[in-house]
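Me: I have a protein model open and would like to learn how to read it. Could you take me through some features, one at a time?

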Amino acid sequence: MTGPLVPFREIVLKVHSRCDLACDHCYIYEHADQSWRTRPRAISDEAIHWTAHRLAEHAEAHALPSVSVILHGGEPLLAGVARLRRVCEELTRALDGVAELDLRIHTNGLQLSTRHLDLFTEFGVKVGISLDGDRVANDRHRRYADGRSSHPKVLDAVGLLRQDRYRPLDLGLLCTVDAANDPLAVYDALAALGPPRVDFLLPHATWDAPPPRPDGSPTGYADWLLAVFDRWDAGGRPMPVRLFESVLSTLAGGPSLTESLGLAPTDLVVVETDGTLEQTDSLKSAYEGAAATGFDVLRHSFDEVAAHPGVRSRQLGLAGVSDTCRDCPVVRSCGGGLYTHRYRSRPAAGADEGTGGFDHPSVYCADLEALIRGIESRTAPATVPPAVTDPGELLAAQRELTRSLLAELHAELDGAGGAAWQRAWELAGEVERRSEGLDEVLAHPYTRNRLVDSVAALRERRPGAFDAARAFAPYLAAAVIRGGLETPVRVGYRDGVLTLPTLGVLRLGGPGAHGEAEVRPAEKGFVVRVGTVERRVVRVGEPAPRWRPVRTLGRDGAPDLALDDLDPYRDCFDAPVHPGLSRDEAADWSGRLAAAWGLLGRTVPAQAAEAAGSLSTLTPLLATGPSVGRHGYGALGVPVRGSADELARALLRGFRRAKLRALTETADLYALDGEWHRPAPWQDAPVPLSLLLAGAYERVGLAGYDPDPRHRDHALRALDTLEGAPELTVAGRRVLAALGEEAGRG
C-alpha cells in the first residue's frame with residue numbers, strides 16, 4: 001500500500017449489540033457474518049474508557065479539528081439512558097481541548113423518549129431515524145419478531161423529535177431502498193415529515209448474494225431512485241438528499257459526500273461492544289470475519305487499525321478499484337460503488353483464477369451508471385454556466401471576477417482604510433452610477449493584477465497594505481477621466497512618472513521625484529496640478545510633450561486593441577515584457593500585427609471574429625512565442641519579432657490558451673482533487689488531464705490555420721482519450737463536445 005496513512009475522522013461505536021426489531025434485510029443479523037452472537041449485549045465501562053482515550057490520542061496525534069462518533073447497534077437506545085450518559089461523558093471529557101466532538105446516534109426510534117432527548121440535548125447528540133417510507137413500504141421489512149408493524153411507533157419518535165425544543169437534534173431519516181416499493185409513495189411519505197435530510201441506502205448485497213430485482217431489470221434500483229430524484233427536483237429540492245447531492249457534487253468536480261460513492265479514502269472505524277476494532281460494518285454482508293482486523297481498543301491504537309491492509313485498500317482512490325471501473329467515465333462519481341458490494345467469492349466466468357474478493361465492479365454497477373448518467377442528463381442544461389458556451393457571457397463573467405475583487409478589497413479593509421479609502425469607495429460608486437468609466441477601467445486585464453496584489457498584501461499584513469486609497473487612486477482617476485466627471489482625484493507619482501492605467505503615463509519630473517498630483521478631467525483630456533503648477537493634456541489618445549498615451553492597433557481592418565507597453569502591472573507573463581517601444585518600433589509591430597489579423601480573418605474568420613471581440617490588450621514580449629499571464633481575460637503577450645504569419649500563429653495560439661484559462665476560472669471543467677496521467681500524441685511522456693485538454697484545445701484551433709496535418713491528427717487523438725475521462729465535469733464535457741464539433745466531428 002502506498003500513500004500517507006489516512007486518520008479516522010468517524011467512529012461507529014456499538015453501544016448495544018441486540019435489536020428490538022427483526023428486519024429481514026439487516027446486514028448485522030441476517031447476512032454472512034454472525035459475530036454479533038458472541039458480543040456482549042451492552043458496551044462495558046472499560047471499552048467506553050479506552051475508546052475515548054484512543055480517540056483523543058488519535059485526534060491529538062493527527063491534529064484533527066473535529067471527530068464524529070456515531071452511537072450504533074443493534075439498537076443503541078437499548079443500552080439505556082444511564083449507559084448512554086456514561087458514553088457521552090467519557091467522550092466529551094477525553095476530547096475536551098483536543099478536538100471538537102460531533103456526537104450522533106442512529107436508531108429505529110422505537111425506544112425514543114423525552115429522557116433520551118433531554119440527555120441528547122445536554123451533550124448535543126444529533127439523532128438519525130431509520131424509516132423506509134409509508135406503512136406499506138416500511139412494513140415490508142421493518143417489523144417486530146411477531147410480525148407487528150413498527151411504523152406507528154417510528155412516526156411517534158419522528159413527531160417527538162420535531163418538537164421545537166428537540167428540533168435542533170434532528171439529523172434526518174435513513175431509508176433503505178426496496179425496488180418493490182412505490183418510489184413516489186416512499187418519497188412523499190418521507191418528505192411529508194419535513195426532515196432536515198434524507199439518506200437513501202441501497203440494500204447490502206454482493207455478487208454471491210445479489211440484490212432482489214422484482215422486475216428483472218438490471219437498472220431497477222436506478223429507475224427507482226431517478227423517479228424519486230424527479231419528484232425531489234420538481235418540488236424544489238425541499239431537503240438535502242445525500243445520495244443525489246453526492247452525484248451532483250462529483251459531476252461538478254466536487255467531493256463525494258458518502259462512503260457508498262466516489263473515490264474519497266475511507267476514514268471510518270467501528271468499535272464493537274467488547275472493544276474490538278473492525279472495518280466498516282457493511283462488510284459483514286460479504287463473509288464471516290470480513291470486517292475483522294485483529295485489534296481492540298484495550299491494546300491497540302487507531303493508527304494500527306488505519307495501517308491495516310483491509311483499511312488501506314479502501315484509501316487508494318482510483319488505484320483501489322477494478323480494471324473495469326478504472327476505464328469507466330463515471331468512476332469519479334461512482335467510485336466503484338460501496339466496497340462491500342464488489343465482493344465475489346469466486347472468479348467471474350472467464351476470469352483468471354485468484355480474481356475473487358473485492359476486485360470487481362459493484363453488484364449495482366449498471367444501476368450506479370444509469371443513476372449518474374440520468375442525473376447528469378437531467379441537470380446538465382441548468383448546471384453548465386452560460387460562459388462555457390457563449391463568448392459574450394464568458395467576457396461578462398470574467399469582468400465580474402475583477403469587480404468582485406474590488407468588493408473583496410473593500411471587505412478586507414473592513415474600515416481600516418480610513419477616511420481616504422471611504423472617499424475613494426464613494427467616488428467609485430458615483431462614477432459607476434454616472435458613467436461607464438469604472439467599467440472600462442475594471443475591464444482592463446491588468447487591473448486585476450493590481451487588485452489581487454492589494455488583497456494579498458492586506459492578508460499578509462505587508463507594510464503600507466492598508467493605504468489602499470493610494471494604490472487605487474490611479475485607476476479611479478482613469479475612470480473619472482473616461483467618465484468625464486468634473487471631480488478631482490489625488491494620485492501619487494514616483495520617479496517623476498504619473499501612471500493612469502488604460503490611458504498612458506505623464507512625466508512630471510526626473511528620477512527620484514516623488515509626490516502627489518491632483519488630476520481632473522478637462523474637455524477631452526485632463527488637467528494635472530502639482531502644487532500651483534498645472535499641465536493640460538488636451539487629447540488623451542494623442543502624444544504630447546511629457547505625455548505618452550497607450551497606443552492602439554485599429555488599422556487596416558484590424559481590431560481596435562490597446563498596444564500596452566506602459567502599464568506597471570503588465571509584467572505578469574512567463575516571458576520578459578518589452579521595456580517600451582519607440583515610435584518606429586511600435587509602427588513596425590503594429591503593421592505586422594494588422595497583417596497577421598488579415599491572415600486570420602481570411603483563414604479562420606470565426607476565430608478571428610471571436611478574438612477581436614474578446615481581446616482588448618496586446619503587450620510586446622522579448623520572446624519568440626505567445627504568453628498568457630496572471631491577469632484578467634483579454635490580454636496577450638505577443639512577440640515583437642516575427643513575420644505576419646508567425647504573429648498570426650502566435651495570436652491564435654495565445655487566444656486559445658487565454659480562452660481556456662478564462663473558462664477554467666469561470667467554471668470547473670475538471671475535478672481538482674486528482675488528475676490521472678494519460679498519453680499525449682505530441683510527446684512521449686503521459687500528461688495530466690489539464691495539460692491534455694489544453695493541448696487539444698490549442699491544436700483544434702491551429703488545425704484551421706496551419707496546414708500541418710499533425711495539428712488535426714494530434715487534436716483528434718487527444719479528444720478520443722479525453723472522451724472517457726472521469727475527471728471532466730458536466731461543464732468540461734460540454735467544452736469537449738464543442739471541441740469535437742469545431743474539429744469537424746459534427
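Reply: Gladly! Let's start with a term: two strands pair if DSSP finds at least two bridges between them. Keep in mind that this is a predicted model. With that in hand, look at β10 and β13, which run antiparallel and are joined by 5 bridges.

Me: Which residue of β13 is the bridge partner of G492?

Reply: That partner is E516. As a general idea, the strands of a sheet pair through backbone hydrogen bonds, in a parallel or an antiparallel way.

Me: What is the order of the strands in this open sheet?

Reply: Reading across, the 4 strands come as β10-β13-β14-β15, with antiparallel pairing. The edge strands, β10 (489-493) and β15 (533-537), each pair on one side only. On average, neighbouring strands of this sheet are turned by 30° against each other, direction ignored.

Me: How many bridges link β14 and β15?

Reply: There are 5 bridges between β15 and β14 (residues 525-530), again in the antiparallel sense. One pair to find on screen is V530 with its bridge partner V533 in β15.

Me: Where do the side chains of β10 point?

Reply: The general idea is that side chains in a regular strand alternate between the two faces of the sheet. Along β10, V489, V491 and Y493 point to one face and are buried. R490 and G492 point to the other face and are not buried.

Me: Why does V489 count as buried?

Reply: The cut-off for buried is under 20% relative accessible area. V489 has 6% relative accessibility, so V489 counts as buried. Leaving aside neighbours within four places in sequence, V489 is in contact with L427, A473, A477, V480, A517, E518 and V519.

Me: Which helix lies across this sheet?

Reply: That is α18 (residues 468-483), which lies across β10, β13 (515-522) and β14. Helix α18 runs at about 125° to β10.

Me: Let's move on to helices. At what angle do α8 and α13 pack?

Reply: First, the general idea: an α-helix has 3.6 residues a turn, so residues three or four places apart point the same way. Here, α8 (residues 242-251) packs against α13 (residues 365-383) at an angle of about 70°, and their axes are 10 Å apart. That angle makes α8 roughly perpendicular to α13.

Me: Which residues meet where α8 packs on α13?

Reply: From α8 come L243, F244, V247, L248 and L251, and they meet L371, I372, I375, E376 and T379 of α13. By class, this contact has 8 nonpolar, 1 polar and 1 charged residues.

Me: How many residues of α8 are buried?

Reply: Helix α8 is mostly covered, with 8 of its 10 residues buried. What covers the buried residues includes β6 (198-201), α7 (220-234), α12 (331-334), α13 and α24 (730-742). After α8 comes G253, with a positive phi near 95°.

Me: What about the nonpolar cores: how many residues has the largest?

Reply: In soluble globular proteins, nonpolar side chains tend to be buried together. The largest nonpolar core in this model has 154 residues, and those with the most contacts inside it are F120, F200 and W597. Helix α21 (residues 644-666) gives the largest share of this core, 9 residues. A second, separate core of 44 residues includes L405, F472, L503 and F526.

Me: What is W597 in contact with?

Reply: Not counting its neighbours within four places in sequence, W597 has contacts that include L553, P559, L561, L615 and L651.

Me: Now for the loops. Is D706 buried or exposed?

Reply: D706 is in the loop between α22 (689-703) and α23 (709-723). With a relative accessible area of 10%, D706 is buried. D706 touches R649 and H711, leaving out residues up to four places away in sequence.

Me: And which loop holds A63?

Reply: A63 is in the loop between α1 (45-61) and β2 (66-72). Although A63 is not a glycine, its phi is positive, about 50°. A63 is exposed, with a relative accessible area of 63%.

Me: Is D414 buried or exposed?

Reply: D414 is exposed, with a relative accessible area of 67%. Look for D414 in the loop between α14 (391-413) and α15 (418-434). Its phi is near 50°, a positive value in a residue other than glycine.

Technical notes: Residues numbered from 1 in each chain as written. Predicted model: local features only at pLDDT ≥ 70, side-chain atom pairs only at ≥ 80, totals over all residues. Heavy atoms only, no water. Helix = DSSP H or I, 4+ residues; strand = E, 2+ residues; numbered from the N terminus. Axes fitted to C-alpha atoms, helices over the stretch in contact; angles between N-to-C directions. Contact = heavy atoms within 4.5 Å. Core = buried A, V, L, I, M, F, W, Y, C linked by side-chain atoms within 4.5 Å. Buried < 20%, exposed > 50% of the residue type's maximum accessible area, 1.4 Å probe, protein only. Parallel < 35°, antiparallel > 145°, perpendicular 65-115°, else oblique. Nonpolar A, V, L, I, M, F, W, Y, C, P; charged D, E, K, R; others polar.
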